[in-house]
Amino acid sequence: MKRAAAVLRGAVFPLALIAIAQIAAMAVRLQSDTLASPAAVLAAGAGAFADGSILIATAQTLGNAFGGLALGGSAGLICGVLLGSSIVADRLMEFSVESLRPIPSVALIPVSMLTFGFGFRMEIAIVAFAAFWPVLILTRSAVSGVDAGLLDVARVLRLGPLARTVKIILPAALPRIFVAFRLAAGIALTVAVTVEVSTNPLGLGYNMMLAEQSLHPDLMLAYLLWIGIVGWALNFTINAAQRRFFGRSVQVRPVA
Amino acid sequence: MNVRIGWRLGSFAVGAVFIATWQVLANAHLISPVYLPGPDRTWGALVRGFASGTFPDQLWNTVQRMLVGWLLASLAGIVIGACIGLSRPARAYLGPTLEFLRPLPASAVVPLGIVLFGLSDNMVLSVIAFGALWPTLLATVHGFAAVEPCLYEVSRALGMSRLAVIWKIALPSSLPDILAGMRLSLTVSLILAVVGEMLASRPGLGSGILIAARTFHAPDLYAGVVLLGVLGYLTAQGLFAVEARLLRWRLHQR
Amino acid sequence: MVPQTQPLITFDRVSMTLGGTPVLTDIDLRIDAGDFVCVVGPSGCGKTTLLRLLGGLLEPTAGEVRYAGKRITEPRADIAVMFQDYGRALLPWRTVSGNVSLALEALGVPKDVRPERIAAVLATVGLSDKADRFPIELSGGMQQRLQIARCLAQRPQVLLMDEPFGALDAMTRQTLQDEVLSIVAASGATVFFVTHDLEEAVYLGNRVIGLLPHPGRIASDVNVALSRPRNQLMTREDPEFARLRRHLFDFIKDADA
């Protein structure tokens, strides 16, 4: 009952905004190249669903995002485990990591464009670069933060480095590694859309730009809304999975 | 102390090995030099770019956009975030909307920006400000909402005015969250500055490297990327230093 | 001097219901100036609620709480409150001096007067050399002393202390008990001290009030006729101390029954 009340209260503001926008648009008899009424946006969105264009674009964007996440995330995971397990490796790699990390992923768009041209590979490469770093940094700290007591257990049982990693370190660090991937997933989606908005001619970002350039503000806003929904749904699903698998033991605010 | 310097030098050495490997790969022409210039040519382009005044100009443009947008957004984010964070009804009614907007990719509003402002400097600035607003705003809301309740009791017991409570208790308490949000906002600002420049063809590092790529001037492209990396590094370090100064009452753990 | 016939603090048929549950019923209590009143009782008996009513942080559902004849409706500058969880009651971003200064700022004490008052109060609690440290650098006992210092800065007539030494180790607790006694003796303040430690209640107070829960009510009110100044060894070996302690022990045991 309390949940329902909370949901209703939360819906008041956006619904009120939409209602005001709709009434204003109808009162002014909006016919413009730049704005569209909420009803028109919904209609355009429905149309894009009907002819499948929005679904194809979603598949492209999500495919690129997950492809890059898988690539960059697994590389980040391996490197994170290595750097987290070995202080020597961590210290030696400090300069290289701290030099490459601040490069904004968007700066690599022209590089990737030059190397791969347009298409899937270019986008996946950039997403992979962007997803690599949060996974690396957070995995590194998760692994180095494994309880020393557990590492003592590994020593006493005389586990080799691989067995120790697989049986003790990874399971112990798993909740925080999951958080790392959750963060990286959001970044992956954002970077994918960014690449599509700026250069790559496929996916949701590109379709949105196309709608804007062809003076279809209703379609453009429909895509914007849909991107928001996809982002929210992705976040929601991952949060739910986290609660399901790890319970309330990992409540990390996604703020920093 | 000497041990630390030793490790530092060690990591520089490892970095140098990577750069040397890059040079070897470039020299071997496994990948065409049109796509992969070596560190030598990249350095050459860097020097040329600075000598000719191109890079300083582009750097200045990008930095200016980034910082102005970021400061505006941070200020707005703190003020609005404080108002929302301090008011439970506001949090209840606006919270879900904010949570929906949190995962929205900032670059998704670029087309909207183009629609409203055309391909202009204003467009880039507004997109930067809009995108950079959210991390700071959300962090501020969280900070103000999470003030230790016991401190509110202390303030009541001392008879402090509402304004005094906000200024002396809520704001300092929220500062760590606000600064973390501002750090994120700065990253977003840089990204949107580059994207905005690329799309609107406004002079800056972003458009610079895009043009270099399109005209197959790989050394200029790589030099620009290095410069953007340096910019990202310096701004992050700058903010860290400010944070360390303002938050020195916290004992930092690794 | 006119003899004080009117009590400083009066609880007049006070009842308190929180969230639909009656926490305190029909509390009648008179406290004279200079009293050191200790309040004990099992959990849920409402002793913290009693303290908060006195501090003006709560308003009674029925009855009146009066201070110097006037009803308490909000926190007063001359009644200082010391909170149980000292870690959460201190401002982590202000130094020791800064935390004490907060009380002075709230009272409107002019800026130029503050430094000497802060210094005086820090000297009283023995934190003078830690003036520029942050709370996180202090031990639990020192943090609690800092809270005492902040309260003293208000120059209070009444000190309300909510289980202030519960989270400290035994040695620190004994040290602080004696410090509080000497501070109070020097300032002549009236003290309302909530604790779950029966021995502490007898050691510190000149009066011990026992509350029982369901509903919260005063079930015992004993005078402690032990001599002052108190002494950790001598006072605790006094037969009267043992008698009082036994009385309270039985009181609590009966409460569980």
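User: Let's say that two residues are in contact if their C-beta atoms, placed from the backbone, lie within 7 Å. Of the two pairs of chains that touch in this predicted model, which has the most contacts?

Analyst: Happy to start there, with the model being a predicted one. One pair can be struck off at once: no contact joins chain A and chain C, whose closest C-alpha atoms are 17 Å apart. Among the two pairs that do touch, the most contacts are between chains A and B.

User: Which helix of chain B gives the largest share of the side that touches chain A?

Analyst: This contact takes 50 residues from chain B and 47 residues from chain A. Several elements give two or more residues to the chain B side, among them helix 1 (2–27), helix 6 (121–145) and helix 10 (218–246) of chain B. The largest share, nine residues, comes from helix 8 of chain B.

User: How many charged residues does the side of chain B that touches chain A have?

Analyst: Sorting that side by class settles it nicely. It has 39 nonpolar and ten polar residues, and the number of charged residues is one.

User: Why is helix 6 of chain A described as roughly parallel, rather than roughly antiparallel, to helix 9 of chain B?

Analyst: Two packed helices are described by the angle and the distance between their axes. Here, helix 6 (residues 109–116) of chain A and helix 9 (residues 205–214) of chain B have axes that come within 9 Å and cross at roughly 10°. Angles under 35 degrees count as roughly parallel, so helix 6 of chain A and helix 9 of chain B are roughly parallel.

User: And what class of residue makes the contact of helix 6 of chain A with helix 9 of chain B?

Analyst: Helix 6 of chain A brings Pro110(A), Met113(A) and Leu114(A), while helix 9 of chain B brings Ile209(B), Leu210(B), Ala212(B) and Ala213(B). With no polar and no charged residues, the seven in this contact are nonpolar.

User: Turning to chain B and chain C, which helix of chain C gives the most to the side that touches chain B?

Analyst: The contact between these chains takes 17 residues from chain C and 14 residues from chain B. Helix 2 (86–89) and helix 3 (96–107) of chain C each supply at least two residues of the chain C side. By class, that side has 14 nonpolar, one polar and two charged residues. The helix that gives the most, with three residues, is helix 3 of chain C.

User: Which are the edge strands of the six-stranded open sheet of chain C?

Analyst: The six strands are ordered 6-7-8-3-9-10, with mixed pairing. Inside the sheet, five bridges join strand 7 (residues 158–162) to strand 8 (residues 190–194), which run parallel; Asp162(C), for instance, has Val194(C) as its bridge partner. An edge strand pairs on one side only, and here those are strand 6 (79–82) and strand 10 (217–223) of chain C.

User: At about what angle does helix 1 of chain C run to strand 8 of chain C?

Analyst: Helix 1 (residues 47–54) of chain C lies across strands 3, 6, 7, 8 and 9 of chain C. Relative to strand 8 of chain C, the helix runs at about 150°.

User: Is the pairing in the four-stranded open sheet of chain C parallel or antiparallel?

Analyst: The order of its strands is 2-1-4-5, with strand 2 (21–31) and strand 5 (70–71) of chain C at the edges. Seven bridges join strand 1 (residues 9–18) to strand 2 of chain C, and Leu18(C) stands opposite Thr21(C). The pairing in this sheet is antiparallel.

User: How far apart are the centres of domain 1 and domain 2 of chain B?

Analyst: Chain B is divided into domain 1 (1–30) and domain 2 (36–246). The contact between the domains takes five residues from each, and the domain 1 side has three nonpolar, two polar and no charged residues. Taken over C-alpha atoms, the centres are separated by 32 Å.

User: Where in chain C is confidence highest?

Analyst: For the model overall, ipTM is 0.86 and pTM is 0.84. Chain C has a mean pLDDT of 90, and 97% of its residues reach 70 or more. Within chain C, confidence is lowest in helix 9 (residues 239–256), at a mean of 86, and highest, at 96, in strand 8 of chain C.

How values were computed:
Residues numbered from 1 in each chain as written. Chains lettered and ligands numbered in written order. Predicted model: local features only at pLDDT ≥ 70, side-chain atom pairs only at ≥ 80, totals over all residues. Nonpolar A, V, L, I, M, F, W, Y, C, P; charged D, E, K, R; others polar. Pairing = 2+ DSSP bridges. Axes fitted to C-alpha atoms, helices over the stretch in contact; angles between N-to-C directions. Parallel < 35°, antiparallel > 145°, perpendicular 65-115°, else oblique. Domains from an automatic or database assignment. pLDDT = per-residue confidence, 0-100.
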